[in-house]
Amino acid sequence: MRKTGDPYLFHCIHTGRILAALVPSDGKRAIDTVVAGILHDIVDDTCESLNSIEREFDADVAKLVAGVSRLSYINQLLRRHRRMNGSQDTLSHDEANNLRAMLLGMVDDPRVVLIKLADRLHNMRTIYALPLSKAQAVAQESLAIWCSLASRLGLWALKAELEDLCFAVLQPKVFRQLRADLASMWRASNKSGNLKKLSANWSAVVRFQECEEHGELDEEETSMKVLLQAVLPFDLLMDRKKRVNFFHNLATSSDSLKKPKVVRDAGISLASLVVCEEALERELFISTSYVPGMEVTLSGRLKSLYSVYSKRKDVGIRKVYDARALRVIVGDKNGTLHGQAVQCCYNLLNIIHRLWTPIDGEFDDYIVNPKPSGYQSLHTAVQGPDFFPLEVQIRTQRMHEYAEHGHAAHWLYKETDNILPSKICVNDSDPGVSSDFSEEIEDQASLDTEMLQRYSSLKVGHPVLRVKAGHLLAAVIVRVDSDGRELLVAVSFGLTASAAVAERRSSSYQIKRWEAHANLYKKVSEQWWCEPGHGDWCTCLEKYILCRDGIYHKQDQFQRLLPTFIQVIELTEWEETEYWAVVSAVFEGKTTPPDLEGKPTTPAVYKSSSALNSDLLDIGISNKVQLLRTMLQWEEQLRSEAGLGQLKHNEIYRKEDSFSLGEVAVVCWPHGEIMRLRIGSTAADAARRIGFDGKLVSINGQLVLPNTELKDGDVVEARQ
């Protein structure tokens, strides 16, 4: 029996259920993962051996169980050592980093980490059965080690639940208060008339609100078990259908009034997300028309309370604009329709800004100006259907795949498809301008200093993009007035930029696009066009005003501000040098300098030895994680099992066998410290490092020869 009073099999089955939500529903490797999850503790807690597992199942399952058992042994060994030394509640940054490196080094199959994460997640769900001090030690370790590994592997929904479970154990009062604050902010009772029109589940929302009002008085000391029940399961964040059903069952249950307030508060948060999803879905169906190949996927998520808590240290709760978020992904036919998909992204942005009021200064265009990692997406914060902040991200499928498998993924939905009931595409028709649009965004008196400083360095000739109803055109600044508040911009109607924007960081795009902007600038200069309206059949000068939303909007001849806006292309130091060299060449009638075709040289950065070693370790861990994440692409494995791509599958696993972090991490016993050594280091090297050169050395409790090579996770002890 477990300490919760449940049969031990209860934990095994729930670990398997968690894994079933993370892997595909079929395929041998997926099934083996779930089976190994059910059996993960059988070697440690019963008299069964790995040989018996291999006989009953197969070698793959036995290998997974052995890997999980090894991870558990090392983890428990180090935890026990910390407890004996009175430091069980603390895990320094270096200790956590070394432990993560060692655990990753011990793993060559990502499914081992998945099983261990599922095991830890269920243990955290039932950790209320442990004494408080021990529960807090496990929670602290989970937050420092396992949440980090889940994040690195891209398991964002699982990471969010694990973070909140740890948060509830470590800071129960703050957890309860933050849950109440968010529920109070998102409660729909004051805006019921508006929400009733938007939510198909309105009756359930009302019922749930009434339950909340009848139970305002919360107990002063809420039990840990109740707090853990107030953490939403991760699979709700991955599957929209489950989310809606979960909320409906919670809201219509006959014992809703009997549920603790903190649990009802969690339901309020979920209800707010459901309402936002329904409202946007409804608007997309109304505002768009079907075009083959341009599918739109809608999904939503709630930010973990731990992340909200970390963010609100600097700002108030109402300033955490991404506490709930929606993501819209535009299909691009595996990249063949990427230009049209980019156009569709901006059209969707226009639809969302007409549906909900944008929050000033909270629009970021990472499509035109990608992050250094290459991440591309449109981010905007709006006042949602309940008039409280809501973040919306818009990107193409290609951008989404890069974000999910690169370094900039924000949350994970790759294991499940939350697709709208039908394929839809944004209509390219130009929406009308609302009569009060100009009044809403003009108010230049509210421009903050930071916003003005951001554009203070703009100069004549700088490249920009004009955005109108999803259409992107190349443009260039002709004049800067009022300290950057007003711009005169030359727009070329023959230079569409939708497809090229998606390739912003590629060298082939840059030179050609810089030449296009430079030729436009030269044309305007030679024609002496200098006022709004000047131009010809393919070029026109337009006036743009910096508004309080942080965007330059077009001003027409009647002084009205229009939704059309320009996006300033932010140049890196190298890009700026490259661009102005191209401009100079174009104005002088010369060809583009050949040396610009090469890539910029990264400047040398000198660091201390310790900082350099830390960076090298981070690079090694990142490379290892990238390999494991690649192996988590289950669809390719399923194709391999069907007889397709078998050669590629085998190549991946051959690479896996030869991959390493460049170092091995071992446990130096009895001190319990994690020591890093070069790959190929031996027992003698370890003894020499700890000051026992020439002494006998045992590895994992067995005396070994001095030339025995060390592996990640070995427990090394020098015998005096």
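This is a conversation between a trainee and a mentor about a predicted model and the names given to some of its features.

Trainee: Let's start with the rings. Why is the pair of Phe-167 and Tyr-306 called edge-to-face?

Mentor: The ring centres are 5.9 Å apart, and a pair needs centres within 6.5 Å, so the two rings qualify as a pair. Their planes stand at 70 degrees, and an angle over 60 counts as edge-to-face, so that is the name they get.

Trainee: What does the pair of Phe-167 and Tyr-306 tie together?

Mentor: Phe-167 belongs to helix H9 (residues 156–170) and Tyr-306 to helix H17 (residues 305–311), so the contact ties together parts that are 139 residues apart in sequence. Phe-167, Phe-175, Tyr-306 and Tyr-309 make up one aromatic cluster, and the structure has eight aromatic pairs by this rule.

Trainee: How do you know whether Phe-167 is buried or exposed?

Mentor: Its relative accessible area is 1%, and buried means under 20%, so Phe-167 is buried. Tyr-306 has 25%, which falls between the 20% and 50% limits, so Tyr-306 counts as partly exposed.

Trainee: What sits over the ring of Tyr-366?

Mentor: That is the charged end of Lys-371, 4.8 Å from the ring centre. The distance limit is within 6 Å, so the value of 4.8 Å meets that part of the rule.

Trainee: On to charges. What makes Asp-235 and Lys-242 a salt bridge?

Mentor: Their closest N and O atoms are 3.5 Å apart, and the rule asks for within 4 Å, so the pair is accepted. Asp-235 has a relative accessible area of 21% and Lys-242 has 37%; partly exposed lies between 20% and 50%, so both residues get that label.

Trainee: How many salt bridges does a search of the whole structure find?

Mentor: The search finds 26. One of them joins the side chains of Arg-240 and Glu-281, at 3.0 Å from N to O. That pair links helix H15 (residues 240–252), where Arg-240 sits, with helix H16 (residues 261–287), where Glu-281 sits, 41 residues apart. Arg-240 and Glu-281 are both buried.

Trainee: And why does the pair of Glu-576 and Lys-459 count as a salt bridge?

Mentor: The N to O distance is 3.8 Å, and the limit is within 4 Å, so the pair passes. Glu-576 is in helix H24 (residues 573–587), while Lys-459 is in the loop between helix H21 (449–454) and strand E8 (463–468), so the salt bridge ties together parts 117 residues apart in sequence. Glu-576 is partly exposed at 32%, and Lys-459 is partly exposed at 38%. Elsewhere, shared partners join Arg-240, Arg-243, Glu-277 and Glu-281 into one network of salt bridges.

Trainee: How do you know that Cys-147 is in no disulfide?

Mentor: The nearest cysteine sulfur, that of Cys-166, is 4.6 Å away, and a disulfide needs sulfur atoms within 2.5 Å, so Cys-147 has no partner. The count for the structure comes to zero disulfides. Cys-147 has a relative accessible area of 3%, and buried means under 20%, so Cys-147 is buried.

Trainee: Now the strands. What makes strand E6 mostly covered?

Mentor: Eight of the eight residues in E6 (residues 389–396) are buried. Pro-389, Glu-391, Gln-393 and Arg-395 point one way and Leu-390, Val-392, Ile-394 and Thr-396 the other, and all of them are buried.

Trainee: Why do E3 and E6 count as paired strands?

Mentor: Two strands need at least two bridges, and E3 (residues 324–330) and E6 have six, in the parallel sense, so they pair. Leu-326 stands opposite Val-392. Strand E5 (residues 378–383) also has six bridges to E6, but runs antiparallel to it, with Leu-378 and Ile-394 as bridge partners. E5 and E6 form a hairpin with five residues between them, and Phe-387 in the turn has a positive phi of about 70 degrees.

Trainee: Which strands close into a barrel?

Mentor: Six strands do, in the order E8-E9-E10-E11-E12-E13, with antiparallel pairing. Neighbouring strands of this sheet are turned by 45 degrees on average, direction ignored. Within it, E12 (residues 552–555) and E13 (residues 561–568) share three bridges, and at least two are needed, so this pair qualifies too. His-553 has Phe-565 in E13 as its bridge partner.

Definitions and conventions: Residues numbered from 1 in each chain as written. Predicted model: local features only at pLDDT ≥ 70, side-chain atom pairs only at ≥ 80, totals over all residues. Heavy atoms only, no water. Helix = DSSP H or I, 4+ residues; strand = E, 2+ residues; numbered from the N terminus. Axes fitted to C-alpha atoms, helices over the stretch in contact; angles between N-to-C directions. Phe/Tyr/Trp six-rings, centres within 6.5 Å; stacked < 30°, edge-to-face > 60°. Buried < 20%, exposed > 50% of the residue type's maximum accessible area, 1.4 Å probe, protein only. Lys NZ or Arg CZ within 6 Å of the ring centre and 35° of its normal.
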